[in-house]
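Hi,

Here is the structure I promised to pass on. Have a look at it first, and then read on for what turned up.

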Amino acid sequence: SGLALVASTERLPNGIPDLDQMLEGKGYFKGSSILVSGMAGSGKSTIAAHFADAACASGVRCIYFAMEESPSQIIRNMGSVGIDLQRWVDKKLLRFSARRPSLFGLETHLATMYREVSDFVPGAVVIDPMSALLGAGETGDVHSMVLRLVDFLKADGITALFTNLGVSSETVTTEIQISSLMDVWLLLYKRESNGEHNRQLYLLKSCGMAHSNQVRECIMSSDGIKLREVYVGPKGVRKGSARLTQE
């Protein structure tokens, strides 16, 4: 059933020091399931790449299931934010598994994931984006598949990060309704104000640990994601150029 598992108290860094600080300064529990949801361009894949990079840097093997981009495209794009994933591929710590969701049915996708995890024996897994599986089956079937996958990974103590693409930044529900299955839920928004888009990160839940409730401005830099300290001006939380002007 997956409900008789022993929960680990060990931690695995997420690769973003500012985000680790929001999680008692220690990162995710090993064997936990993390959901990163948000609109296109909000930074979901970059958070996933940080996680894979940090896992490999700590000697933990990782499988990155890519549903929409080729491995070479992911490696190239993450190089622009200072994440070198190719070195871990070369060291056999990172394995990419890339296939279109529409190529197979859900059962075949699940069986393939089981086989690759059993073969590679990773300590970390990324599914990016999980929402792409909606193209391979009905919502209820995808929910069932994700539940089975979560239980399978937890049984082996594998830390899993799922990204989920939302169509609107104004909703915090997920199409597959799997947020309740997750131990950690990060929500990324792209907010428009003063003629510019600014990213914001919300830590909606993190089971079993104290965690920050602050909304943080999320900056993409040449050396990775930075979360700026919350800044509250006379008219509420300020971000982007409005923050600079206020300061």
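One spot to look up straight away is P129, which sits in the loop between β6 (124-128) and α6 (139-155); helices (H or I, at least four residues) and strands (E, at least two) are DSSP runs, numbered from the N terminus. The peptide bond joining D128 and P129 is cis, with omega at about -10°. For context, most peptide bonds are trans, and most residues other than glycine have a negative phi.

A word on the source: this is a predicted model, in which local features need pLDDT of at least 70 and side-chain atom pairs count only at pLDDT 80 or more, while totals for chains, interfaces and linings use all residues. Residues are numbered from 1 along each chain as its sequence is written, and side-chain values use heavy atoms, with hydrogens and water left out.

Now the overall picture. The protein chain has seven helices and 13 strands. Of its 247 residues, 49% count as buried (buried means under 20% relative accessible area, exposed over 50%, partly exposed in between, with a 1.4 Å probe and protein chains only). Among contacts (heavy atoms within 4.5 Å) with a separation of 6 or more, 66% are between residues 24 or more positions apart.

Helix α5 is worth a closer look. It covers residues 106-120, 15 in number, and reaches 21 Å from its first C-alpha to its last, close to the 21 Å expected at 1.5 Å a residue (the expected span is 1.5 Å times one less than the number of residues). Its buried residues are L106, H109, L110, T112, M113, E116, V117 and F120. Seen down the helix axis, these fall within an arc of 160°, so they line one face of α5; the arc is that of the directions from the axis to the C-beta atoms. An α-helix has 3.6 residues a turn, so residues three or four places apart point the same way. On the face of α5 turned away from the buried side are the exposed residues E107, R115, S118 and D119.

After α5 comes V121, with a positive phi near 50°. V121 lies in the loop between α5 and β6 and is exposed, with a relative accessible area of 52%. K92 has a positive phi too, near 60°; K92 is in the loop between α4 (86-90) and β5 (94-98), and its 62% relative accessibility makes it exposed.

Helix α2 (residues 44-57) is mostly covered, with 13 of its 14 residues buried. Just after α2, G59 takes a positive phi of about 90°.

Enjoy exploring!
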